[in-house]
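Me: Pick one part of this fold and give me a close look at it, please. Then work outwards from there and tell me what else is worth seeing.

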Amino acid sequence: MNNKIIIVNGPNLNLLGEREQSQYGSTTFKELKENCLKKSNEIGIKLEFAQSNIEGELVNLIQDARKKFDGIIINAAGFTHTSVAIRDALDLFKKPIIELHISNIYKREEFRHKSLISDIATGGIFGLGAEGYILAIISIQKILQNENR
């Protein structure tokens, strides 16, 4: 594989730009995807961008990623705090994983403070808005370059 990654987005992220702009900003999901594809092309990363509101679909994406991708960036959204199934699928991935959240989950409601995936992620980016996706792409590229030496 050649620096091929997938960005997996969980529930309600398809409504970015419409929902809670105070938490998530005004960037739409389409704009976010375009920005990520542009950055990945600039730095030589092959990128697939996916979103689902359905837990089982996200589990299937992660399971399939084991054979297709060198790394995962995941914004599991609300499933971050509730899905053992997504955590277990990520645990089987055995390659770099960056956990990503647009808002800072540790500055929000108490129930959002617990991430079921942080302890198996390579690293995390929280609270940096849509720019966090770009930082995650740059970070995973650096991780993959170091692993490929």
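Reply: Two strands pair if DSSP finds at least two bridges between them. Helices (H or I, at least four residues) and strands (E, at least two) are themselves DSSP runs, numbered from the N terminus. This is a predicted model, numbered from 1 along each chain as its sequence is written, and local features need pLDDT of at least 70. Side-chain atom pairs count only at pLDDT 80 or more, while totals for chains, interfaces and linings use all residues, and side-chain values use heavy atoms, with hydrogens and water left out.

Let's start with strand E3. Three bridges join E3 to E4, and the two run parallel. Across that pairing, Ile72 stands opposite Ile97 in E4. E3 also pairs with strand E1 (residues 4-9), again in the parallel sense, over five bridges. Here Ile73 of E3 is the bridge partner of Ile7.

Now for burial, where buried means under 20% relative accessible area, exposed means over 50% and partly exposed is in between (1.4 Å probe, protein chains only). Five of the five residues of E3 are buried, so the strand is largely enclosed by the rest of the structure. In a regular strand the side chains alternate between the two faces of the sheet. In E3, Gly71, Ile73 and Asn75 point one way and Ile72 and Ile74 the other way, and all are buried.

One thing that leans on E3 is helix H4. The buried residues of H4 pack against helix H3 (55-68), strand E3 (71-75) and E4. Those buried residues are Ile86, Arg87, Ala89, Leu90 and Phe93. Seen down the axis of H4, they fall within an arc of 165° (taken over the directions from the helix axis to the C-beta atoms), so they line one face of the helix.

Arg87 deserves a stop of its own. A contact here is heavy atoms within 4.5 Å, and apart from neighbours within four places in sequence, Arg87 is in contact with Leu116, Ile117, Asp119 and Ile120. A polar atom of the Arg87 side chain lies 3.0 Å from the backbone oxygen of Leu116. For reference, a polar contact is a pair of N or O atoms within 3.5 Å; within protein, one must be able to donate a hydrogen and the other to accept it, and residues adjacent in sequence count only if both atoms are side-chain atoms.

Side chains of opposite charge can pair when their charged atoms come close. The cut-off for a salt bridge is a side-chain nitrogen of Lys or Arg within 4 Å of a carboxyl oxygen of Asp or Glu. A search of the whole structure finds two of them. In one, Arg87 joins Asp119, with the closest N and O atoms 2.7 Å apart. Arg87 lies in helix H4 (residues 84-93) and Asp119 in the loop between strand E4 (97-101) and strand E5 (123-126), so the pair ties together parts that are 32 residues apart in sequence. Arg87 is among the buried residues of H4, whereas Asp119 counts as exposed at 57% relative accessibility. Elsewhere, Lys39 and Glu42 meet in a salt bridge at 3.2 Å, N to O. That pair sits three residues apart in helix H2 (residues 29-42), about one helical turn.

Just past H4 comes Lys94, in the loop between H4 and E4. Its phi is positive, near 60°, although the residue is something other than glycine. Lys94 counts as exposed, at 66% relative accessibility.

Last, the aromatics. Rings of Phe, Tyr and Trp (its six-membered ring) pair if their centres lie within 6.5 Å; planes under 30 degrees apart count as stacked, over 60 as edge-to-face and the rest as tilted. The whole structure holds two aromatic pairs. Phe29 and Phe49 have ring centres 5.3 Å apart and planes at 50°, so this pair is tilted. Phe29 lies in helix H2 and Phe49 in strand E2 (residues 46-51), so the pair ties together parts 20 residues apart in sequence. Phe49 also forms a tilted pair with Tyr133, at 6.4 Å centre to centre and 40° between the planes. This one links distant parts of the chain, with Phe49 in strand E2 and Tyr133 in helix H5 (residues 131-147), 84 residues apart. Both Phe49 and Tyr133 are buried, and Phe29 is buried too, with a relative accessible area of 16%. Ring pairs thus link Phe29, Phe49 and Tyr133 into a cluster.
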